[in-house]
Amino acid sequence: MNTWKQTELMRRLDLSLPLVQGPFGGGLSAAELAAAVSEAGGLGSFGVHHLDAAGIAATAAAIRQRTARPFALNLWIPFEGSDAASADDAQFAAWLAPLQPYFDELGVAPPQRPARYSPAYAEQVEAVLAARPAVFSFVYGIPSADILARCRDLGIFTLGAATTPDEAVALEQAGVDGVVASGFEAGGHRVSFLRPAEESLTGTLALVPQVADAVRVPVVAAGGIADGRGIAAVLALGAQAAQIGTGFLACRESGTSDLHRRALLGPQARDTGLTRAFSGRLARGIRNRFMRELAAQPVAPYPQQNWLTARLRPAATAQGRADLMSLWCGQSAPLLATPDAPEATFPAAADYIARLMRETAAAVQRLENGVRFTSPKG
Ligand SMILES: Cc1cc2nc3c(=O)[nH]c(=O)nc-3n(C[C@H](O)[C@H](O)[C@H](O)COP(=O)(O)O)c2cc1C
C-alpha cells in the first residue's frame, strides 16, 4: 500500500512523491516545468548557474508565481581559478580556431573575447540565499562552511551531488543535508570534484547502495531512471527519492528546443556518449557530427569552450542543425517513447509524473506478489 511514498526526505521537504526533477543548466530549465513538478508533489528544480543575481531573483519569482510548493535552485561550484577570464587575445584565438569552420557553416560571425565568461559565483550564492528556496542544490563541489551555516539558519535544505562514495562522505562531513548519487548513465555533465570525471564513472546500480551505506543523510538517486521500474529499483537500493533529468527534459514545459526534444524521443537517443566537445567538461549527450569531429581536435577548458559553443547554439537551433548542437541526453531516453505517445508528442510533466507513479506502484506490487516482471508498456 504505497509505503514507498513515505520517505524521511519527503517528510523533511514536504513532498508527496519521492521524485526530484533534475535541474538543467544553460537555459534549459523552465519555471513552468519546475512549478508543474512541485505542484504534482515532487521537487521541481531550476539550474541557475548561467544567470546573474537579477536573473536568479527573477527566476525564483517566476516559479513562485506558479506554485507555493517547495522547489530547488541549483548552482555549479567553481573550481579554483576556473572562472577567471584570464586568457589573452592570442589564447582566445587559439581556442576559437577549431570552431571557426562551424561558425562559417552556420553563417555566424565569430565572437570577440568577452570581459567575463560566466557570472560571479559569490553574487549567485547571495542571490540564491536571498531567494530562500526550500532547497539549494549544487554540483562540482561543496559550498564554504559559512554558506552552509547561513543555509541552516535560513531553513534552506542543502543537496550536493556525488559521483563516488568518497564525494558523498565529503559532502556529509561538511554538513550538507542530502546527497544526490549520480550514476554515469545520467544526461548532462559528470559533476565529479574529488577525482577526474573519467575516473569516477560508476553506474547507478552500483553507486546508490554504496553511497547509502557510506552516509547517514538522505540519498537521492540520479542517472538512468525514466520509468517506474527505475524508481522502484533505486528506492530498493536505499535512495529516498529518484532524480530524473532526461525524462523531464523531453516534457513540453522544459526550456529546450523541439529539435532537442525530438532527438530525445527518436532513435538517435539510443547512441549517447561522453564528450568534452561542447563545454570543456565531460558530459553525456547524443553522439552527433560535432561530437565526433571535435574528438580529434584540441578543446578549450571550461568555461571558455562552453561560452564559445553557446554562441553557435541559437543559429544551429534556428537552422534545424541537430548535427552541430549539444543534444544532452542520458542512457534512459529510449524508455520514454510509449505506444500511446508517438515520437513527436511531447508529454506534459503532470502526465509523465502520473505515468511514473502508476508504474512505480505496479512494479512494487509485482515484487510483493512475486509475479514475473513484465514491461509496463505491455
Ligand atoms: C541538459 C542537462 C543539463 C543539466 N544541468 C544540470 C545542472 O546545471 N545542475 C545539476 O545539478 N544537474 C544538471 N543535470 C543533471 C540532471 O539534473 C539529472 O541529475 C540527470 O539528468 C539525471 O540523469 P538522467 O538524465 O539519466 O535522468 C543536467 C542534465 C541535463 C540532461
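This report covers the ligand site, the pockets and cavities, and two backbone features of a predicted model.

## The ligand and its shell

The ligand sits in the largest pocket. Its shell counts 22 residues. Pro 23, Asn 74, Gly 224, Gly 245 and Thr 246 are the closest of them.

Three secondary-structure elements each give the shell at least two residues: strand E3 (71-76), strand E9 (241-244) and helix H11 (246-249). By class, the shell splits into 11 nonpolar and 11 polar residues. No charged residue belongs to the shell.

## Polar contacts and cover

Oxygen atoms of the ligand meet polar atoms of the protein at several residues. At Pro 23, the partner is a polar backbone atom, 2.8 Å from a ligand oxygen. Pro 23 is also among the closest residues of the shell. At Trp 76, the partner is a polar side-chain atom, and the distance to a ligand oxygen is 2.9 Å. At Gln 243, an N or O atom of the side chain lies 2.8 Å from an oxygen of the ligand.

How much of the ligand's accessible area does the protein cover? On its own, the ligand has 600 Å² of accessible area, and the protein covers 94% of this.

## The largest pocket

The pocket that holds the ligand has a volume of about 870 Å³. Its lining consists of 49 residues. Nearest the pocket centre are Pro 23, Phe 24, Gly 187, Gly 188 and His 189. Pro 23 thus appears in this group and among the residues closest to the ligand.

The lining includes 28 polar and 19 nonpolar residues. Two charged residues complete it, whereas the ligand shell has none.

## Enclosed cavities

The model has two cavities of 30 Å³ or more. The second largest cavity holds about 40 Å³ of space.

Which residues line the second largest cavity? They are Phe 278, Phe 290, Thr 309, Leu 312, Arg 313, Leu 324, Met 325 and Ser 326. Five of these lining residues are nonpolar, two are polar and one is charged.

## Backbone features

Most peptide bonds are trans, and most residues other than glycine have a negative phi. Two places in the model depart from these patterns.

One is the peptide bond between Tyr 302 and Pro 303, which is cis, with omega at about 5°. Pro 303 belongs to the loop between helix H13 (289-294) and helix H14 (304-310).

The other is Asp 14, a residue other than glycine with a positive phi, near 60°. Asp 14 is also a loop residue: its loop runs between helix H1 (8-13) and strand E1 (19-21).

Technical notes:
Residues numbered from 1 in each chain as written. Predicted model: local features only at pLDDT ≥ 70, side-chain atom pairs only at ≥ 80, totals over all residues. Heavy atoms only, no water. Near = heavy atom within 4 Å. Polar contact = N/O pair within 3.5 Å; in protein donor to acceptor, adjacent residues only side chain to side chain. Areas by Shrake-Rupley, 256 points an atom, 1.4 Å probe, with all protein chains shown as cover. 1 Å grid on protein atoms, 1.4 Å probe; cavity = no way out; pocket = protein on both sides within 12 Å on 5 of 7 lines; lining within 4 Å. Sits in = over half its atoms within 2 Å of the grid points. Helix = DSSP H or I, 4+ residues; strand = E, 2+ residues; numbered from the N terminus. Nonpolar A, V, L, I, M, F, W, Y, C, P; charged D, E, K, R; others polar. Points joined across faces, edges and corners; volume = space filled by probe spheres on them.
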